[in-house]
Amino acid sequence: MADNTLETLISRLRRFPDVEAANLQAWDATDKLLLDTAAGLLGPGSMPAVVGDRYGALTLGALTLESVSAAGAGAENHPVRVHQDLITGERALRHNAEALGITGGFEQLPLGAALLAGASVVLLQLPKSLAELEEIADAVARHAAPGVVLLAGGRVKHMSRGMNAVLERYFGTVQPQLARQKSRILLASGPRPATGAPPFPVIELNAELGLTVCARGAVFAGTGLDIGTRFLLDFLPRMPHARHAIDLGCGTGILAAMYARSNPDARVTATDQSAAAVDSAFATARANGLQDRIDVLQDDALSSLPQGSADLVLLNPPFHLGAAVHAGAGIKMIHAAGRVLAPGGELWTVFNSHLHYRPALERLIGPTREVGRNPKFTVTASTRKTAGA
Ligand SMILES: C[S@@+](CC[C@H](N)C(=O)[O-])C[C@H]1O[C@@H](n2cnc3c(N)ncnc32)[C@H](O)[C@@H]1O
């Protein structure tokens with residue numbers, strides 16, 4: 001890295017409150033490559049924006065580079081504007097800034113004009129899906145300065161030609177840079193003028209469910225119906241009638257909408273850690289006339305819901321943490337369901353049968369029965385034990 005201060009800063013970052021483990025770290029070689037490449041572009045008068053910062057490495061790194069360069073020139077900096085889809089990432093950035101004694105200098109904003117207006121350099125950790133990249137590329141081309149340089153970095157093994165193609169639809173020039181430590185940057189410039197409405201959200205009728213599904217670029221499964229979700233929905237008629245049901249990790253909110261529709265007396269909370277997911281779930285609820293009975297909440301594993309406040313939780317858990325396959329994300333959500341369920345309440349969940357969630361369900365919720373199994377998935381219902389049971 002160009003600068004020792006930057007190296008020290010990055011080495012002190014934590015993932016907290018996201019899952020922490022010995023094999024998971026708060027930064028990667030792509031963050032370092034992006035910062036080294038941006039160093040020459042950040043300085044007095046530059047307007048930096050960051051998209052997809054995981055835990056603060058890019059934002060706090062850009063801030064450090066800016067202050068080094070502005071101190072030399074005796075000039076004021078523009079704040080670093082940042083969008084992170086996950087609330088865990090937003091919280092981790094604030095937590096890391098505080099731990100490092102950095103007060104202010106950055107603004108956390110939704111993806112859109114306030115984030116990108118006039119931006120001269122945009123640092124992007126390439127997302128997993130092309131749809132998410134498309135939404136970001138459109139927003140940068142639409143709102144940033146005409147001279148903007150977009151530095152889109154990723155791990156080489158996760159990059160595809162499709163990413164270049166998406167960027168080429170929105171920028172006149174897309175130049176792959178030399179790889180370093182298995183990371184590479186695509187440098188995009190010359191934004192094409194926007195024609196027509198933004199490509200997201202996509203709104204589509206799912207004929208199988210008779211449900212209109214709305215999806216932002218970053219949401220799980222887009223407007224499609226995940227096969228695990230479809231299997232869980234087969235058991236909808238057998239699920240208990242709850243006063244308050246939660247769709248935990250709601251994505252586009254299909255489970256919330258289908259449950260609310262078949263249980264007209266229930267209040268449903270659709271909640272996810274992803275901003276794109278909760279936007280999508282809100283739009284799905286509204287598109288199906290269910291907005292008065294579905295509350296939408298961006299939160300990390302129900303952290304803001306009171307203990308014992310729900311009688312049913314529906315869960316199709318994730319089995320990835322970022323790019324890594326890791327059971328920790330699912331276990332965290334089972335733990336959260338156990339806290340928020342009232343005694344006697346139930347967690348209905350679907351998972352790949354080879355994932356051994358059963359012991360965690362028994363331990364963190366209570367007695368667990370298998371209600372269905374097909375060649376790929378298992379659906380279980382777990383009843384929250386009463387205190388002391
Ligand atoms: C497998 S997807 C299921 C989405 C949706 N329920 C469906 O069935 O289509 C899992 C979802 O859990 C969300 N998620 C992962 N970890 C979470 C956490 N700690 N708190 C809230 N949501 C989380 C992800 O963002 C993702 O939308």
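Start by selecting β17 (residues 368–373) and β18, two antiparallel strands joined by five bridges. Strands here are DSSP runs of E with at least two residues, numbered from the N terminus, and two strands pair if DSSP finds at least two bridges between them. Three residues separate β17 from β18 in a hairpin. Pick G372 and you will find its bridge partner, V379, in β18.

A word on what you have loaded: this is a predicted model, where local features need pLDDT of at least 70, side-chain atom pairs count only at pLDDT 80 or more, and totals for chains, interfaces and linings use all residues. Residues are numbered from 1 along each chain as its sequence is written, and side-chain values use heavy atoms, leaving out hydrogens and water.

Next, add β16 (residues 341–352), which runs antiparallel to β18 and shares seven bridges with it. Here W348 is paired with A381 of β18. Now colour β18 (residues 377–383) by accessibility: six of its seven residues are buried (under 20% relative accessible area, 1.4 Å probe, protein chains only), so the strand is largely enclosed by the rest of the structure.

Now move to the ligand and select the residues near it (a heavy atom within 4 Å). You should get 16, with T229, G249, D272, D300 and A301 the closest. Which polar contacts (N or O pairs within 3.5 Å) should you display? Try these:

- T229: a side-chain N or O atom 2.6 Å from a ligand oxygen.
- Q273: a polar side-chain atom 3.1 Å from a ligand nitrogen.
- A301: a polar backbone atom 2.8 Å from a ligand nitrogen.

Finally, the protein covers 92% of the 590 Å² of accessible area (Shrake-Rupley, 1.4 Å probe) that the ligand has on its own.

Notes:
Buried means under 20% relative accessible area, exposed over 50%, partly exposed in between (1.4 Å probe, protein chains only). Helices (H or I, at least four residues) and strands (E, at least two) are DSSP runs, numbered from the N terminus. A polar contact is a pair of N or O atoms within 3.5 Å; within protein, one must be able to donate a hydrogen and the other to accept it, and residues adjacent in sequence count only if both atoms are side-chain atoms.
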